[in-house]
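Take a look at the protein below and turn it around a few times. Then read on with the picture beside you.

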Amino acid sequence: MKYDAIVIGAGMSGLAAGIRMAMFGKKVCVLEKHTIAGGLNSYYQRRIKETKEIAQFDVGLHALTNFATKGERRKPLTKMLKQLRIGYDEFELCPQSYSLIDFPGKQLRFNNDFELLKNEVYEKFPSEIDSFNKLVEKINNYNELDLNATYISSREVLNSILHNSLLVEMLLAPLLIYGSAWEKDMDFNQFVIMFKSIYMEGFSRPKGGVRTIIDKLIARFKEEGGELKFRCGVEEILLKDNKAIGVRTTKGEELFAPRVFSSAGLPETMELAKKEVNAAVGKMTFMEAIALTERKPTKSEFDATIVFHNSLEQYHYEGAKDFFDSRSAVVCCPDNYEMDNRDGHGCFRVTFMANYEKFKALDRSAYLEKKEEAFEQAMGIVKKLAPQYEFRTVLKDIFTPTTVERYTWKKHGTVYGSPDKIRNGKTDVDGLYIIGTDQGFLGIVGAILSGISLGNLYGLMESE
Ligand SMILES: Cc1cc2nc3c(=O)[nH]c(=O)nc-3n(C[C@H](O)[C@H](O)[C@H](O)COP(=O)(O)OP(=O)(O)OC[C@H]3O[C@@H](n4cnc5c(N)ncnc54)[C@H](O)[C@@H]3O)c2cc1C
């Protein structure tokens, strides 16, 4: 079979790249190894034993970053929707109440109005407000989308502008855990992207969870005539004279195209192309404990949407030395997005940095025991943050780095990919492009924008 382009992976970037190319008349096929789409941000369901109800879960979704209100122009979210020809209302976005950076003795709140964070810095770190404003000015004038940019340490930039190390740690914490492939630090380009998308624009959640986004992307791709195959992994990327010519699938089919776009990850893709792998496998992976509770918390019991909790003055963002690192945690309460209906079960998601090798080495019963231990510690943090909220768990679910690996085929269950990003998407093989996480644009909005921009850049040229 011959196509204009083959896309590996029906995650956010793959579907978005597929839509853009199909929209311009290209014959595109998206191949997905899993049975459903979404990749690192997919969905599943579980039955609640007690009531026999079916509960829907998002795999990862805490927040859709880059919030913009309807009609706001020149914002990443509205640009993204425009490029995909999806109406703003179709995602049914519910904005966050507020989120909290919670360090010993100091807390900073932020929401979808940047003024709140500015005021919080002014109140909690009064001597730093001029330096903070300088940092904001630098961020506003920075071209974070330069595809030829090289790595700059964010810590070095922050330490050269701010004088209070606690403020540096507190500002870095949410941005690191929501998007750094590098341990301890992050590339300043990535910092600027994340600062704008999290602090300046903010969080929302589609009313129906991540499935709303995935279903919409699939529908748009099919409307434009794209072909989507599930349970159809790519086993090998076929090359001729160092040029991509197609793929061989796990079903043994050979499909041909002069361009192959891969969202499988950089090391993973080069392995599929049987080329030398010059990219490191990322160390940042996570585990998450999810509790479905009998009822949602009331506003007076717990009203934050997301808490970035850290029990030390320093934020240790690195692959956990032990199975998981409960010195810090992200606690997300999806019920605290602005929603009309507060009936039904409540939900808490607690994320810890974790260690892939340690989980991988466990036998089944030790693995289940370790998950249980993480769940207990996670719920201990929820109780500390919401002492008034007495809750009973009706269903729990815990995923680990090996779960991430099993369902996404990301080496070592890495979530933010390799620290070696290819910003222009070009590999050493002609016609083989990296999209999504390892192009350096991650998160839902980042990955979708990556697919759109590289689909536009390399996918709309005439095929030879
Ligand atoms: C636990 C967790 C929580 C997260 N929370 C958030 C959040 O709250 N907000 C947010 O914005 N982002 C969040 N993210 C990050 C976000 O999910 C990702 O950055 C984004 O979805 C990456 O999209 P992608 O297209 O680059 O890659 P992926 O989603 O990894 O897509 C790659 C696809 O390729 C498929 N694939 C792999 N190998 C092959 C092969 N050989 N053949 C065919 N198909 C293959 C995979 O199955 C997958 O579907 C979270 C991620 C995780 C894991």
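Here is a short tour of a sheet, the helices that sit on it, and the ligand. Keep in mind that this is a predicted model.

## The sheet

Let's start with the strands. Seven of them make an open sheet, and if you walk across it you meet them in the order β7-β6-β15-β16-β17-β14-β18. The pairing in this sheet is mixed. Because β7 (106–110) and β18 (393–399) stand at the edges with a single partner strand each, one side of each has no neighbour in the sheet. On average, neighbouring strands here are turned by 15° against each other, ignoring direction.

## Two pairs to find

Zoom in on β15 (residues 306–310) and β16 (residues 324–332): they run antiparallel and are joined by five bridges. Try to spot His-309, which stands opposite Ala-329 in β16.

Now go to β6 and β7, which also run antiparallel, with five bridges joining β6 to β7. Leu-100 has Arg-109 in β7 as its bridge partner. β6 and β7 form a hairpin with two residues between the strands, and in this hairpin Gly-105 takes a positive phi near 75°.

## Helices on the sheet

Which strands does helix α11 (residues 364–385) touch as it packs on the sheet? The list is β6 (99–103), β14 (285–293), β15, β16, β17 (346–354) and β18. The direction of α11 makes about 55° with that of β16.

Helix α12 (residues 401–408) packs on the sheet too, where it touches β14, β17 and β18. Its direction makes about 100° with that of β14.

## Around the ligand

How many residues surround the ligand? There are 33, and the closest are Ser-13, Glu-32, His-62, Ala-63 and Ile-444. Sorted by type, the shell holds 16 nonpolar, 14 polar and three charged residues. Helices α1 (12–23), α12 and α13 (443–459) each supply at least two residues of this shell, and α13 gives the most, with three.

Some contacts with the ligand come from the protein backbone. A backbone N or O atom of His-62 lies 2.6 Å from a ligand oxygen, and a polar backbone atom of Ile-444 is 2.7 Å from an oxygen atom of the ligand. For Lys-33, a polar backbone atom is 3.2 Å from a nitrogen atom of the ligand. On its own, the ligand has 1,000 Å² of accessible area, and the protein covers 95% of that.

Technical notes
Residues numbered from 1 in each chain as written. Predicted model: local features only at pLDDT ≥ 70, side-chain atom pairs only at ≥ 80, totals over all residues. Heavy atoms only, no water. Pairing = 2+ DSSP bridges. Helix = DSSP H or I, 4+ residues; strand = E, 2+ residues; numbered from the N terminus. Axes fitted to C-alpha atoms, helices over the stretch in contact; angles between N-to-C directions. Contact = heavy atoms within 4.5 Å. Near = heavy atom within 4 Å. Polar contact = N/O pair within 3.5 Å; in protein donor to acceptor, adjacent residues only side chain to side chain. Areas by Shrake-Rupley, 256 points an atom, 1.4 Å probe, with all protein chains shown as cover. Nonpolar A, V, L, I, M, F, W, Y, C, P; charged D, E, K, R; others polar.
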